Amino acid sequence: MKRNVTKKLTAVALAAAMALAATGCDNNSGDTPSVSSEAPKGSSGAPESSASTPESEANGGGNTPAEIAKPDTISWWTHDGLNEENGAEQWFAEFEKFTGIHLDHQFIPNNEYYDKLKLAFASHEVPEVFDLNGANLALYASQGAIKDLTPMLQASDLWDKVDPDIWDAIAIDGKIYAIPKEVPSAACTYVRGDWLERLGMQPPTTYEEFLEMIRRFKAEIPECEIGLTAPGVKSPQNLPEFYQGAQFGFYRENGEWKDGFAQDNMAEAMQRMQDAYKEGLLDMEIITNTTSTCRDAWYEGKVGVFNYWSGKWGGTLQERLETNNEGAIALAIQPIDGAVYSFATLSGLCISSEVSDEKAQQIFRYFLEYMHDGGEGQVLFQSGVEGVHWEQDGDKVKPLPNLSDSSTVTTSVWITPWLSLTPLELTDKITEKADAVTNSLAITDAVAVQTPITPVSETLNKITSDLELEKADILAKVVMGEMTVEQGVAAYKEVAEELNVQKVLDELNGR
């Protein structure tokens with residue numbers, strides 16, 4: 001890799017970290033759902049597949065897939081997924097038995113991962129495969145630190161097996177630099193279904209019905225202390241009923257990046273939040289809430305409405321709620337008219353640009369494609385090692401107790417089975433899911449939209465911290481009634497001019 005890549009990555013690392021914080025975390029961390037951009041259905045960003053001899057075009061017209069040699073080793077860094085205590089050693093041995101490839105693996109603590117990756121580039125001791133998300137993916141791609149995987153992807157079976165919206169969302173300037181391990185989680189709204197039954201109500205379908213539901217929860221359910229809770233007011237993902245498609249950050253619409261906070265629909269969203277807060281329908285501590293305080297209040301049975309991740313978290317919200325409140329129901333509801341449920345920002349596995357083109361082809365075929373093959377490889381990456389992590393139970397995969405904690409079971413290893421990027425073709429490896437998991441997933445799978453990765457903007461890197469603080473302050477004051485919406489809009493106009501947000505938009509749009 002060229003020396004200037006290392007210098008540039010080091011120089012902007014802090015700014016990238018700030019930008020990443022603004023884009024939010026995925027569900028594996030348990031953090032607040034948060035997005036900085038929304039991908040409307042039908043938006044364009046992913047490269048179009050070429051119709052001309054894709055086999056001969058794989059990564060620059062080298063070997064056809066049948067001629068790609070198998071590598072002896074692949075080096076891989078992770079910061080999440082399977083750990084040593086729960087059978088990582090057995091898993092890597094199984095991978096080598098199946099493939100004949102030795103994985104030179106390092107597990108890096110999550111809070112050290114990006115610092116160590118930066119140092120690895122500085123010392124030219126970079127792992128061949130590693131994952132990046134959000135601003136970091138855009139940053140490393142812009143500095144030439146990771147391979148453009150587009151030619152290899154389009155020449156592979158993986159291209160057509162995956163939802164095109166995934167490729168569209170993870171594309172940066174029309175190129176794909178990372179292959180997701182799984183579909184990201186999406187957030188949906190949970191309400192107390194048992195309280196709806198007590199009141200003889202149906203789940204709301206309009207904003208007016210949504211507010212009326214919260215009003216009646218607060219007025220007629222003695223144990224309801226908080227109508228709706230959320231960890232802050234900055235995330236459209238946390239408050240879809242109030243944002244109704246508006247965006248706190250930058251977003252892409254019809255191929256163009258726009259400033260969400262400056263749009264008319266953001267002013268309308270602020271008015272809705274201000275009115276609901278004044279009426280007492282929102283948690284009075286919503287501005288300073290953390291994710292954990294919101295979850296705890298939900299588990300205690302004090303809350304009527306809470307927006308959180310679908311899937312595994314849907315099961316957890318139900319289990320923990322019912323443990324403390326017999327007969328309680330965490331009901332995932334369809335989005336009301338105007339509300340938008342969205343997926344977390346994608347992350348993906350990348351190949352270092354220091355890897356040769358030949359080795360990159362090998363890694364793509366025998367590692368990245370293998371984990372999404374719909375068969376043996378996919379089962380290994382999803383469920384782990386038979387006899388260690390799961391056992392066959394009829395036509396199902398039955399999870400076994402975790403090696404480090406026999407009170408829990410291994411539901412996933414590197415890929416969450418119900419978030420798989422490609423369909424599992426084996427009919428005897430079905431993964432059973434709790435109803436609460438299935439029900440919430442059915443909703444988000446049908447309606448949630450992907451969140452595209454924001455491209456790199458040098459100006460945005462410089463102003464991100466100040467811009468986020470100013471927007472958060474304005475929004476909080478408007479919601480709490482310390483500013484009118486009109487005053488908030490005027491205040492942001494001054495901030496945008498002072499920080500030159502127009503230049504950010506020009507850079508995001510390649511002008």
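Okay, one definition before anything else: two strands pair if DSSP finds at least two bridges between them. With that in hand, look at Gln392, which stands opposite Val397 in strand 12. One residue back, Glu391 stands opposite Lys398, again in strand 12. Strand 12 covers residues 396–399, and 4 bridges join it to strand 11, the two running antiparallel. The hairpin of strand 11 and strand 12 has 2 residues between the strands, and Gly394 there takes a positive phi near 65 degrees.

Keep in mind that this is a predicted model. The protein averages a pLDDT of 89, and 87% of the residues score at least 70. Which parts should you be careful with? Over residues 1–44 the pLDDT is below 50, although that stretch has 117 contacts in the model beyond near neighbours in sequence. Residues 49–64 also sit below 50, and there the count of such contacts is 28.

Back to the hairpin, then. Its strands belong to an open sheet of 3 strands, order 11-12-13, with mixed pairing. At the edges you have strand 11 (390–393) and strand 13 (430–431), each pairing on one side only.

Now the other sheet I want to show you. This one is open too, with 4 strands in the order 5-8-4-9 and mixed pairing. Its edge strands are strand 5 (226–229) and strand 9 (330–333), so to speak the two ends of the row, and each pairs on one side only. On average, neighbouring strands here are turned by 25 degrees against each other, if you ignore direction. Strand 5 and strand 8 (residues 303–309) run parallel, joined by 3 bridges. If you want one to click on, Leu228 has Val305 in strand 8 as its bridge partner.

What packs on this sheet? Helix 14 (residues 312–324) does, touching strand 4 (187–192), strand 8 and strand 9. The direction of helix 14 makes about 150 degrees with that of strand 8. Helix 17 (residues 435–447) packs on the sheet as well, touching strand 4 and strand 9, and its direction makes about 135 degrees with that of strand 4.

Last stop, a pair of helices. Helix 3 (residues 88–99) and helix 16 (residues 376–383) pack at an angle of about 175 degrees, and their axes are 11 Å apart. Helix 3 and helix 16 are therefore roughly antiparallel to each other. Which residues meet there? From helix 3 you get Trp91, Glu94, Phe95 and Phe98, and they meet Glu376, Leu380 and Phe381 in helix 16. By class, that contact has 5 nonpolar, no polar and 2 charged residues.

Phe95 comes up again when we turn to aromatics. Searching the whole structure turns up 27 aromatic pairs. One of them puts Phe95 with Tyr370: the ring centres are 5.8 Å apart and the planes are at 75 degrees, so the pair is edge-to-face. And where are these two in the chain? Phe95 is in helix 3, while Tyr370 is in the loop between helix 15 (357–368) and helix 16. They are 275 residues apart, and the pair links distant parts of the chain.

Methods. Residues numbered from 1 in each chain as written. Predicted model: local features only at pLDDT ≥ 70, side-chain atom pairs only at ≥ 80, totals over all residues. Heavy atoms only, no water. Axes fitted to C-alpha atoms, helices over the stretch in contact; angles between N-to-C directions. Parallel < 35°, antiparallel > 145°, perpendicular 65-115°, else oblique. Contact = heavy atoms within 4.5 Å. Nonpolar A, V, L, I, M, F, W, Y, C, P; charged D, E, K, R; others polar. pLDDT = per-residue confidence, 0-100. Phe/Tyr/Trp six-rings, centres within 6.5 Å; stacked < 30°, edge-to-face > 60°.
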